[in-house]
Amino acid sequence: MSTKIALVTGANKGIGLETVRQLASQGFHVLLGARSADKGQAAITQLANEGITAEFLPIDVSNSDSIASAVKSVESKFGHLDVLINNAGVNLDAPETSIEQTTAQTYRDTYETNVFGLIETTQAFLPLIQKAPGGRIVNVSSILGSLNFHATPDSPIYDFKGAPAYNTSKSAVNAYTVHLAYALKDTPIKVNTIHPGWVKTDMGGQEAPMEIVDGAKTSVQLATLAADGPTGTYTHDGETLPW
Ligand SMILES: NC(=O)c1ccc[n+]([C@@H]2O[C@H](COP(=O)([O-])OP(=O)(O)OC[C@H]3O[C@@H](n4cnc5c(N)ncnc54)[C@H](OP(=O)(O)O)[C@@H]3O)[C@@H](O)[C@H]2O)c1
């Protein structure tokens, strides 16, 4: 069997870097996507020091030219892509800012990466994913994207309304996942969205209960689904979340 090619975006640190580590350890040839060459190369060096091989791929998901160059590079080197993990994300909501004060610009900037960047990256790589025998697309969302939980007073996140631009961007990621999974339902490609957990990263903060090593597990689970695995799901560590 030939080595599978996986791309993880936003992988120079945090959950993305750990996802690269775990997929590489499982035998994937992993493309470590990062928008900064310095940070991307530093992450590759860090992994190499641990005995793990990965390849740096420059990709800024909010820049169309950068996405197009990344696709060209993968196409010329490999001709296909087995796994795309849309992990890159930002949370630009200032803490303590109410929804009334959150500016349209904050929504625009957040959506540029979390929503439009994810969609453009996915669409640009889709022809290469369709050339793989069984493509897997994993959209890294958040439990904070669950409209059902946000609208349900006894849910675990009912009172977590402090980042409206971020939260609604992840709801949009969930909606896109449902639509793309439907469009590809009669193909071998599986499209799923995940919540990694509340994880100790620069974004999650040090008070988060989960270690990074566990925060990458759900992405890896969905990236390595068997042919009879599900598509169009929203899960965390094997548990289904309500949309
Ligand atoms: N941590 C949590 O508790 C938690 C919970 C739920 C969901 N998530 C989601 O998990 C994913 C990873 O989060 P994390 O906690 O690992 O965050 P993180 O440590 O802040 O890492 C975010 C990564 O995304 C990259 N990135 C941001 N904008 C980008 C762009 N335009 N193009 C390419 N890369 C870009 C960052 O690159 P730079 O270093 O260049 O900024 C960084 O590598 C995100 O989608 C996040 O929303 C995290």
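Modeller: A residue counts as near a molecule or strand if its C-beta atom, placed from the backbone, lies within 6 Å of it. This is a predicted model: local features need pLDDT of at least 70, side-chain atom pairs count only at pLDDT 80 or more, and totals for chains, interfaces and linings use all residues. Residues are numbered from 1 along each chain as its sequence is written.

Biologist: Which residues come nearest the ligand?

Modeller: Of the 30 residues around the ligand, Gly10, Gly14, Gly89, Thr201 and Gly204 come nearest. Two elements, α1 (14-25) and α4 (104-129), give two or more residues to that shell. Helices (H or I, at least four residues) and strands (E, at least two) are DSSP runs, numbered from the N terminus. With three residues, α1 gives the most to the shell.

Biologist: How do the shell residues divide into nonpolar, polar and charged?

Modeller: Ten are nonpolar, 15 polar and five charged. Ala, Val, Leu, Ile, Met, Phe, Trp, Tyr, Cys and Pro count as nonpolar; Asp, Glu, Lys and Arg count as charged; the others, Gly among them, count as polar.

Biologist: Why is α1 called largely enclosed by the rest of the structure?

Modeller: A residue is buried if 20 or more other C-beta atoms lie within 10 Å of its own, exposed if 12 or fewer, and partly exposed in between; C-beta atoms are placed from the backbone. Eleven of the twelve residues of α1 are buried, so α1 is largely enclosed by the rest of the structure. Among the buried ones are Gly14, Glu18 and Arg21.

Biologist: What do the buried residues of α1 pack against?

Modeller: They pack against β1, β2, α2, β4 (83-86), α7 (212-215) and α8 (217-223). Contact here requires C-beta atoms, placed from the backbone, within 7 Å.

Biologist: How does the span of α1 compare with the expected one?

Modeller: The expected span is 1.5 Å times one less than the number of residues. For the twelve residues of α1 that is 16 Å, and the helix reaches 17 Å from its first C-alpha to its last, close to expectation.

Biologist: What makes β1 (residues 5-8) and β2 a pair?

Modeller: Strands pair if DSSP finds at least two bridges between them. Four bridges join β1 to β2, and the two run parallel. Val8 stands opposite Leu32 in β2. The chain crosses from β1 through α1 to β2, and this β-α-β crossover is right-handed (with the strands pointing away from the viewer, the path from the first strand over the helix to the second runs clockwise).

Methods. Contact = placed C-beta atoms within 7 Å.
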